[in-house]
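Biologist: I would like to learn how to read aromatic pairs and burial in a model. Please start with the terms.

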Amino acid sequence: MIHENIRRVIYGSSMLLDVEDFKGFLKKCGESFNYRISAYSPDIGKEMVWLNHDRSGLKALFSMLPKHVRMKGTFKRHVSVYEIEQIEDKVKALSSVLLIYTDPNGTSKLFASGQYHDVLDISNGEPQLINREVRLDTRDLGAGLHIIV
């Protein structure tokens with residue numbers, strides 16, 4: 001049963017981001033939530049960190065999105081949960097994520113691929129995300145990205 005609840009949180013959080021329901025997304029996150037986006041660069045031989053926010057930093061970022069220059073179109077995440085491992089009152093989950101971009105003309109293309117490395121707190125019955133690291137394979141996202149993966 002716990003595995004199904006974990007999948008619901010992971011899939012549900014992705015669907016909320018798809019429709020840009022950022023308040024709904026944050027409701028799935030604990031108070032100590034941290035969100036990080038990284039990618040390994042073979043050119044420089046190091047990990048690049050593109051975003052690293054706690055819950056309040058992410059909330060502030062979301063509140064500023066209407067003021068940003070945005071790509072016209074929509075994003076949809078396709079997520080597949082690979083592994084779920086419970087360690088006491090925490091759960092680690094590994095998922096594959098593909099981000100598909102559809103432009104205003106209806107043309108869709110793969111925008112980014114990577115993995116979600118999630119940690120969820122299950123101590124209060126309802127699982128809550130407390131850490132998500134998005135490790136991207138894609139390193140060239142272009143200009144105008146307006147939303148987190």
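Modeller: Buried means under 20% relative accessible area, exposed means over 50%, and partly exposed lies in between, with a 1.4 Å probe and protein chains only. This is a predicted model, where local features need pLDDT of at least 70 and side-chain atom pairs count only at pLDDT 80 or more, while totals for chains, interfaces and linings use all residues. Residues are numbered from 1 along each chain as its sequence is written, and side-chain values use heavy atoms, leaving out hydrogens and water.

Biologist: When do two rings pair, and how many aromatic pairs does the structure hold?

Modeller: Rings of Phe, Tyr and Trp (its six-membered ring) pair if their centres lie within 6.5 Å; planes under 30 degrees apart are stacked, over 60 edge-to-face, and the rest tilted. The structure holds eight such pairs. In one of them, phenylalanine 25 and tyrosine 35 have ring centres 6.4 Å apart and planes at 75°, so this pair is edge-to-face.

Biologist: Are phenylalanine 25 and tyrosine 35 buried or exposed?

Modeller: Both phenylalanine 25 and tyrosine 35 are buried.

Biologist: What kind of pair do tyrosine 101 and phenylalanine 111 form?

Modeller: A tilted one, with 6.3 Å from centre to centre and 50° between the planes. Tyrosine 101 is buried because its relative accessible area is 9%. Phenylalanine 111 also counts as buried, at 12%.

Biologist: Which residues form one aromatic cluster?

Modeller: That cluster is formed by Phe22, Phe25, Phe33, Tyr35 and Phe62.
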